[in-house]
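This report goes through one protein model, from strand pairing to domain contacts. Please look at the sequence and the structure before reading on.

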Amino acid sequence: MKPFYITTPIYYASGEPHIGHAYTNLMADITARYYRMTGREVRFLTGTDEHGMKVARNAQAAGLEPQTFVDEKAARFRELADAWNITIDDFIRTTEDRHKVSAAAFWKAVNKNGYIYKKTYKGLYCVPCESFKTEKDLVKGKCPDHDAVPELLEEENYFFKLSAFEDRLKTFYAENPEFVTPEHHRNEMVQILERGLEDISISRSTKQLTWGIPVPGDEGQVLYVWFDALVNYISAIGYARGKKDAMHLYWPADIHFVGKEINRFHSLLWPAMLMAAKVEPPRQIAVHGWITVDGKKMSKTIGNVLDPFDLIERYGLEPVRYFMAREIPFYRDGDFSHERFEMRYNNDLANELGNLLNRAIAMTERYLDGVVPDESVYDVTKRWTKYRAGMESLRFDDALLSVWKLVQAMNKHIDETEPWKLGKQEDLKPVSDVLYVLLESLRHIAWMLLPFMPGTAMLIFEGIGTSFIEQAPLSLSDASKWGGLKPGSVVKRAELLFPRIESKESE
Ligand code: ME8
């Protein structure tokens, strides 16, 4: 089977990384880790979008050469991926030679096939979007996504015959009902298709903008930033670069993860561009909603912008990864608030998961000298089925719900069987039976948590008398069978996994 190829958008190297970037990285990372766990080879790409007007202007405002400016910003996006433990295989920058070569070759292919022409154009351009707008896109004369007044631009540009792909896209959508997910985001694209597509400008005159990839054969024009940026997904795997070309190994991409505001570019423009160059479209565009903070859109003026570095500094990375996946589901907008975070942390992580682990280990030490007893039986197949269905449909919230059902069932099992009473009996079989079920369930819980909280999963493995090294070589179908924890292993009391957060009020 071909490696599972996953991408995030390439982020504008125009400003600091924010929580939205971290969120998309995380969604892609959870997916990457899950597929690796199932035994698939995975290739995971992220990177930075470094050309265009927005970058050029911000560089100028910072008093830096554009290249120096983007070098600094790209380094910050790499730091973000490291800090959030995002397991990328490659980081592409559109100012790298490898990208420029592929992007120019891509232009030539589209041109050779007859889909590029020149015309004079006048339109309203939103710089933060890096996109032309029509009057009907605007609200009170402003771009609603950025609250920005678009600028009037008039120049001679190259155009891409997007309109020529209307019918082919319609057929493609009909034949690939899961191309855009979730469904409401697919429907938005179908509606746009039904209204009809217009050709789009795909270059800028160097009189207006020089910071870009030169149009092959025309010194006076550079590639429009989106026509340049989208190609990253294939330039990173060597498109049209001779011996470096690994398209046959990785393409088509399995999932492009994107935020909803750039759905159109990925779900309509990109497949049309690929069709024009005679390259197969990607398999799926997975569109997620926006994160709001305390119910409001993040904005510098409101002062509610969440810094992804500060957030994990304050709470630790793994609880933040957990919260994002549990509370900000993929298919709709989700909200972050410190209150809600602390509630989830104290309830799910400290009380439910942390306590379960502590109690299981402490009782094994007290009643069985820390030795994992002989196997007893419990059925976890339903939990795995629901978990896997959630993971494979990007419903990470549902997957985690299934994990927590198991956590809760085990806490209930303790309350009902009262092992502290059983432990005092002469016959140790009853208490052993309860403790094996608890410890082995925790092994399953740790496996399910690997894509979300890999460090926590490893600590659980060690606590219950196994280790990641011992578990990792197992295939998922073996790992998810009951009885993987070996009787005779010795449990190890762990440091308190999730000490409670005391809220400000109680301080
Ligand atoms: O659009 N909530 O880059 P960008 C959730 N360079 N996700 C958010 C978010 C929020 N509030 N804000 C941003 C670009 N994101 C182009 C992409 S791809 C060929 C070129 C995430 O820096 C989300 O993934 O503006 C969104 O699509 C992306 O950051 C936009 O990043």
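How many bridges join strand 1 to strand 12, and do these strands run parallel or antiparallel? Two bridges join them, and the two strands run parallel. The model is a predicted one.

**Strand 12 and its partners**

Ile6 has Ile255 of strand 12 as its bridge partner. Strand 12 covers residues 255-259 and is also joined to strand 13 (residues 285-288), in this case by four bridges and again in parallel. Within that second pairing, Phe257 stands opposite Ala286 of strand 13.

Five of the five residues of strand 12 are buried, so the strand is largely enclosed by the rest of the structure. In a regular strand, side chains alternate between the two faces of the sheet. In strand 12, Ile255, Phe257 and Gly259 point one way, while His256 and Val258 point the other way, and all are buried.

The segment before strand 1 (4-12) holds Lys2. The C-alpha atoms of Lys2 and Asp254 are 9.8 Å apart, although 252 residues separate the two in sequence. Beyond its neighbours within four places in sequence, Lys2 is in contact with Arg40, Leu249, Tyr250, Trp251, Pro252, Asp254 and Arg283.

**The annotated site**

Which residues does the UniProt annotation "binding site" cover? The record, an unreviewed entry, lists Cys126, Cys129, Cys143 and His146 under this heading. They are spread over 21 residues of sequence but cluster in space, with a largest C-alpha distance of 8.6 Å.

Cys129 lies in the loop between strand 4 (116-126) and strand 5 (131-133). His146 lies in the loop between strand 5 and strand 6 (151-160). Is Cys129 buried or exposed? Its relative accessible area is 12%, and because buried means under 20%, Cys129 counts as buried. His146, with a relative accessibility of 34%, is partly exposed.

Residues up to four places away in sequence are left out of the contacts that follow. Cys129 is in contact with Tyr12, Cys143, His146 and Trp226. His146 touches Cys126, Pro128 and Cys129. Cys129 and His146 thus appear in each other's contact lists.

A further histidine, His21, is placed in helix 1 (residues 19-37). It is buried, with a relative accessible area of 17%. His21 is in contact with Tyr11, Glu16, Phe77 and Leu80, again leaving aside its neighbours within four places in sequence.

The accessibility values for these residues are set out below.

| Residue | Relative accessible area | Class |
|---|---|---|
| Cys129 | 12% | buried |
| His21 | 17% | buried |
| His146 | 34% | partly exposed |

**Two open sheets**

Strands 5 and 6 belong to an open sheet of four strands, which has the order 5-4-6-8 and antiparallel pairing. Strand 5 and strand 8 (200-201) stand at the edges with a single partner strand each, so one side of each has no neighbour in the sheet. Helix 10 (residues 263-276) packs on this sheet and touches strand 5, strand 6 and strand 8. The direction of helix 10 makes about 35 degrees with that of strand 6. Strand 6 and strand 8 are joined by two bridges and run antiparallel. In strand 8, Ser201 stands opposite Phe159.

Another open sheet has three strands in the order 15-14-16, with mixed pairing. Its edges are strand 15 (296-297) and strand 16 (334-336); each has a single partner strand, so one side of each is left without a neighbour in the sheet. Strand 14 (residues 291-293) pairs with strand 15 in the antiparallel sense over two bridges. Thr292 has Lys297 of strand 15 as its bridge partner.

**The two domains**

The protein is divided into domain 1 (4-289) and domain 2 (338-479). Their C-alpha centres lie 42 Å apart. In the contact between them, 13 residues of domain 1 meet 12 residues of domain 2.

The size of an interface is often given as the accessible area lost when the parts come together. Between domain 1 and domain 2, about 1,100 Å² is buried, 75% of it on carbon and sulfur atoms. On the domain 1 side, Ile30, Tyr34 and Met37 lose the most area to domain 2, and together they make up 58% of what that side buries.

Terms used: Residues are numbered from 1 along each chain as its sequence is written. This is a predicted model: local features need pLDDT of at least 70, side-chain atom pairs count only at pLDDT 80 or more; totals for chains, interfaces and linings use all residues. Side-chain values use heavy atoms; hydrogens and water are left out. UniProt positions are given in the numbering used here, feature names are shortened, and annotations may be inferred rather than shown by experiment. Buried means under 20% relative accessible area, exposed over 50%, partly exposed in between (1.4 Å probe, protein chains only). Contact means heavy atoms within 4.5 Å. Two strands pair if DSSP finds at least two bridges between them. Axes are lines fitted to C-alpha atoms, for helices over the stretch in contact, and angles run from 0 to 180 degrees between N-to-C directions. Domain bounds come from an automatic or database domain assignment. Buried area is the accessible area (1.4 Å probe) that two parts lose on being put together, summed over both.
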